Amino acid sequence: MRLYSTLARDLVELPAAPGPIGMYVCGPTVYARAHIGNARPYVLAVWYKRWLRERGYDVTLVHNITDVNDKIYEAAPGASAERARLATEWYLEDTGRFGLDEVDFWPKVTESMDEIVAFIADLVERGFAYEVDGDVYFRVARWAEYGRLSGQKPDQAEEQEPNPRKEDPRDFALWKANKPGEDTFWPSPWGDGRPGWHIECSAMAEKLLGPVFEIHGGGLDLVFPHHENELAQSRARGYEFAKVWMHNGMLRFTGEKMSKSIGNVETIAEVLDRWGRDTVLLFFMTAHWRSPIDFSDDRMADAQARAEGLREVFRNRSEPAPPDAWERFQAVLDDDFSTPAALALMHEWRDHQLLRRALDVFGLSGLAREEEAPSEVHALAAGRLEARAAKDFARADELREQIEAAGWEVRDDSGGYRLVPRQ
Ligand SMILES: [Zn+2]
């Protein structure tokens, strides 16, 4: 099993099954209905967990909810906690519609304060962090490996606005003293305040997966500063933290510009309403997880046609696939989880059992329904066959129309006829 790691800048071999494999994938900051791009790391994490399990691994998946953040204070002044609670429900509801129930833990910042405060206190004690006027900052100069994950050079890492309280412009906040307009805060040894963004993931990952675990995921936009800072603060405590850093490419809007004012879809909920889960999942399969993926009506229509093509296989007779078909499928997924290569193989197969097994990896076994027509529709089809044999084509056409009115399509084949659900 090989997976590309941003940290190694290469493919990395996973330990032999059964692992265990701990996976931590950064989740959303909850202040609004999540954008379709937010669904990509979620879907990827869940699929990879399912594939690892198929290959005999014991996997624990953690996907956090950032429910304390500047964006939430800005989105709902004076009511940030209520907004975060509501937007958390939205995210669980929206991702729940994929029907891929694989996340083992959904930790929240507001429920992890003790661990976060203890983590920061330990960094202060070790000399990796310092307190100024109720803020606590990580001392980047103390951590020689800083920049190894993202490749950022110190001058690129400097903040736009100089903060005179920092020893070094690269230093980042672990704890922020409460400020006017911030309606939630927690007690700490440095006074009332709230955590900075990066510390939560280090603390929650350690709490749920232990100090060393296999895979840390998230969008490519999180490499710097979020993950660089997570890595620095966790390794400064003396342990390895995540071994493989799995960053998915971003979702881009192409074609017609997406905008709420002209009514184009963009949230997970809107995209699922319009296209349905099967099409959205197939759309995500069409690009390698490390590449960007372009979202457009054309790309979604292509995914819809693929879904229909796969459904069609189950309306026809099963034909055996080549004996090495499953091994080839395994090989492309084992090697950096190439879903486009897996999908290309699946489109070649007419073997119902094999295709159903592959679809199930991606939560798409709903496409593998072999629907059986009711007996009265079979009676109409049999009557039509007799009418045709008697060359009564008017009667045969009439029966075909009745079959269609009942929601079925009759197809002639060597065995007489087949009934498939109408589109
Ligand atoms: Zn994170």
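Two strands count as paired when DSSP finds at least two bridges between them. Keep that in mind for this tour, which follows a predicted model.

**The whole view**

Start with everything shown. The protein contains 14 helices and 14 strands, and its C-alpha atoms fill a box of roughly 95 × 50 × 35 Å along the principal axes. Of its 423 residues, 37% count as buried. Now colour by domain: domain 1 covers 2–248, domain 2 covers 252–368 and domain 3 covers 375–421. Between the C-alpha centres of domain 1 and domain 3 there are 60 Å. Contacts that reach along the chain are plentiful in the count: of those with a separation of 6 or more, 73% join residues 24 or more positions apart.

**First stop: a four-stranded sheet**

Select residues 135–138, which form strand β6, together with residues 172–177, which form β7. The two strands pair in the antiparallel sense over three bridges. To see one of these, pick tyrosine 137 and look across to alanine 173, its bridge partner in β7. Is β7 mostly covered or mostly open? Five of its six residues are buried, so to speak of it as mostly covered is fair.

Next add residues 193–195, strand β8, which runs antiparallel to β7 and is joined to it by three bridges. Here tryptophan 175 stands opposite proline 195. On the other flank of the selection, show β5, residues 129–132. Four bridges join β5 to β6, again antiparallel, and glutamate 131 has valine 136 in β6 as its bridge partner.

With these strands on screen, you have an open sheet in the order β5-β6-β7-β8, with antiparallel pairing. β5 and β8 are at the edges with a single partner strand each, so one side of each has no neighbour in the sheet. On average, neighbouring strands here are turned by 20° against each other, direction ignored.

Which helix lies across this sheet? Select residues 113–125: this is α4, which lies across β5, β6, β7 and β8 and runs at about 105° to β5.

**Second stop: proline 211**

Move to proline 211, in the loop between α5 (197–209) and β9 (212–219). Proline 211 is partly exposed, with 14 other C-beta atoms within 10 Å. Leaving aside residues up to four places away in sequence, proline 211 touches Glu206, Tyr239 and Phe241. For a sense of scale, draw a distance to phenylalanine 284: the two are 73 residues apart in sequence, and their C-alpha atoms are 32 Å apart in space.

**Last stop: helix α13**

Finally, select residues 375–389, helix α13. At 1.5 Å a residue, its 15 residues should span 21 Å, and the end C-alpha atoms are indeed 21 Å apart.

Which residues of α13 are buried? They are Leu380, Ala381 and Arg384. These cover an arc of only 95° around the axis, which puts them on the same side of α13. Show α14 (393–405), β13 (408–413) and β14 (416–421) as well, since they are included in what covers those buried residues. Then turn the view to the other side of α13, where Ser375, Glu376, Glu386 and Ala389 are exposed. Just after the helix, end the tour at lysine 391, which takes a positive phi of about 60°.

Note on methods:
Residues numbered from 1 in each chain as written. Predicted model: local features only at pLDDT ≥ 70, side-chain atom pairs only at ≥ 80, totals over all residues. Buried ≥ 20, exposed ≤ 12 C-beta atoms within 10 Å, placed from the backbone. Axes fitted to C-alpha atoms, helices over the stretch in contact; angles between N-to-C directions. Contact = placed C-beta atoms within 7 Å. Domains from an automatic or database assignment. Expected span 1.5 Å × (residues − 1). Arc of directions from axis to C-beta.
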